[in-house]
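Here's a quick walk through one structure, helix by helix and ring by ring. Have the viewer open so you can click along.

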Amino acid sequence: MSVLESAQALAFVLLVVFLSYILVILVPFLRRKPDPEGDPGSFSWHVFIPCRDEEVVIGKTLELLRAQFPQAHVWVVDDDSDDATADLVSAASHQDDMIHLVRRRRPLARTGKGDALNAAYRSLDSWLPAGVDRSSVIVLVVDADGHLAGNAFRQAAGPLAFGDPEVGAAQTAVWMSNLDDPDLQGGTGRERIKRSFGRYLVLMQDMEFRTTIAAMQSLRRHTLTVGLGGNGQFTRLSALDAIARTSGQPWHGALLEDYELAIHIMLGGYKTVYMHDTHVAQEALPDLRRLLTQRTRWCHGGMQCSTYLKRIFESSYFSNVGAIESSYFLIQPFIQIIGLVLWPTLFVTMVAQGALTMGSFAAWISAAWFIIPLIFATGVLPFALWGLVYRRQVTPEKNFMTGVAWGLGYWLYMYQNYVTVLRATYRLITGRHGWAKTRRNHEADVKLLAKEA
């Protein structure tokens, strides 16, 4: 078999696997039924909020959390912020003894979100009285801009979540909170174009989390390999204890510390579950540069977690289908790197050979016209269909063509994955493992105004 034939065979296999995966995640997602709720009074609740320069959002987050969930203790980890984050939280803690400030100082601070969460875990561990039933203590991680739905604790206490003693962790759905941000409206000239593009990015991120990622998580409910996110992540304290006993601390060094935690929980014999009927709302990024920075960190972290593949396949707690699903997720960045070389090379080769055989490009395309709809069916439709799913499930009042337009926009949006995987690969090869925080939207605005002044 020639090199070209081998490349064509590989491309065919990758295409079939990709299209099959889209079908496999879509069907359970469209067929899912609502989950039952439980009694939050059966558990004690502790919210961890890692903070680094979060003065623009932390006050509102604390206010909402304490109003919605008065039974929950809130542990805010200030990662040596340069702004007034610690002062705001300290003032709140003096007025409300359910709010706790955990302070970290450089050089031990600013070493990653996982380290900040470990500091909160140690503080909670020393605060809890001896003899407490740690399996009934639930730890929730939210970002400083995270706003939980009012039914979050009821869903987490349900029989399919922590009502099942085998469940060690649960992840909520994620929505974007700034779809109607007035700062992205209006304007003239270049400013209007910039704001329109910002609205597009926000919409695409909401679509991504509420369709594609939610569908992946719905499939993982069946394979028992639900991944955890950094926002809206519930964990049983006894599961964190088990990881700490075997690995030193619950959270580890990967840049995707949330998915890494999920792997450790599953390796420890606990189930992870997905709760689609509740959610946490967070800010989407209307700025392409910050979006690429965030996604590069996520992609890089996923590539770091691929080192767990051997342990996953050796573990008796992972079923065969679960190990396959996890491995497909973990090797996706490497498949994308192969695709960056493979697909353009095959396309150019196919066009060149066809044009030489038929005498001209026009003659070849006339004879091979079916290539165009084939490319659409395999390269565009698997992404564009999520626009119709989003319209149906989130905004049914919109017309069909709006869903089509959103789907085409989503297809274009997904090309950012190729930029981020290249950047992540470069960072991985060069050994750059630093954790870079993505600036909040209003934080970025404040810094821009300061710079202009």
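What follows looks at a few helices, then at the aromatic rings, and then at some polar residues.

Keep in mind that this is a predicted model.

**Two helices**

Let's start with α6, which covers residues 189–223 and has 35 residues. From its first C-alpha to its last, α6 reaches 50 Å, close to the 51 Å expected at 1.5 Å a residue. That said, α6 does bend, by about 35° at alanine 214. Just after the helix comes leucine 224, and its phi is positive, near 60°.

Next up is α9, residues 288–305, with 18 residues. The span here is 26 Å from first C-alpha to last, close to the expected 26 Å. How much of α9 is buried? The helix is mostly covered, with 14 of its 18 residues buried. At its N-terminal end, aspartate 287 acts as the cap: a side-chain oxygen lies 3.2 Å from the backbone nitrogen of arginine 289.

**Rings and charges**

Now for the aromatics. The structure holds 16 aromatic pairs. One of them joins phenylalanine 18 and phenylalanine 383, with ring centres 5.6 Å apart and planes at 35°, so the pair is tilted. Phenylalanine 18 belongs to helix α1 (residues 3–31) and phenylalanine 383 to helix α13 (residues 371–393), so this pair ties together parts that are 365 residues apart in sequence. Another pair, tryptophan 411 with tyrosine 415, is edge-to-face, at 5.9 Å centre to centre and 70° between the planes.

How exposed are these four residues? Here are the values:

| Residue | Relative accessible area | Class |
|---|---|---|
| Phenylalanine 18 | 22% | partly exposed |
| Phenylalanine 383 | 22% | partly exposed |
| Tryptophan 411 | 22% | partly exposed |
| Tyrosine 415 | 43% | partly exposed |

There's a cluster to look at as well: ring pairs link Phe43, Trp45, Phe69, Phe153 and Phe234.

Two arginines also put their charged ends over rings. Arginine 210 sits over the ring of tryptophan 175, 3.7 Å from its centre. The charged end of arginine 220 is found over the ring of phenylalanine 329, 4.8 Å from that ring's centre.

**Histidine 73 and two serines**

Histidine 73 lies in strand β2 (residues 73–79). Is histidine 73 buried or exposed? Its relative accessible area is 12%, under the 20% cut-off, so histidine 73 counts as buried. Its side chain makes a polar contact of 2.9 Å with the side chain of histidine 100. Neighbours within four places in sequence aside, histidine 73 is in contact with Trp45, His46, Val47, Asp97, Met98, His100 and Trp127. Trp45 may ring a bell, as one of the members of the ring cluster.

Serine 238 is part of helix α7 (residues 237–247). With a relative accessible area of 15%, serine 238 is buried. Which residues touch serine 238, leaving aside its neighbours within four places in sequence? They are Arg134, Ser135 and Tyr270.

Serine 360, on the other hand, is found in the loop between α11 (320–358) and α12 (361–367). At 32% relative accessibility, serine 360 counts as partly exposed. To get a feel for distance, try serine 360 and threonine 61: they are 299 residues apart in sequence and 63 Å apart in space, C-alpha to C-alpha.

Note on methods
Residues are numbered from 1 along each chain as its sequence is written. This is a predicted model: local features need pLDDT of at least 70, side-chain atom pairs count only at pLDDT 80 or more; totals for chains, interfaces and linings use all residues. Side-chain values use heavy atoms; hydrogens and water are left out. Helices (H or I, at least four residues) and strands (E, at least two) are DSSP runs, numbered from the N terminus. The expected span of a helix is 1.5 Å times one less than its number of residues. Buried means under 20% relative accessible area, exposed over 50%, partly exposed in between (1.4 Å probe, protein chains only). A polar contact is a pair of N or O atoms within 3.5 Å; within protein, one must be able to donate a hydrogen and the other to accept it, and residues adjacent in sequence count only if both atoms are side-chain atoms. Contact means heavy atoms within 4.5 Å. Rings of Phe, Tyr and Trp (its six-membered ring) pair if their centres lie within 6.5 Å; planes under 30 degrees apart count as stacked, over 60 as edge-to-face and the rest as tilted. A charge sits over a ring if NZ of Lys or CZ of Arg is within 6 Å of the ring centre and within 35 degrees of the ring normal. The bend at a residue is the angle between axes fitted to the seven residues ending there and the seven starting there.
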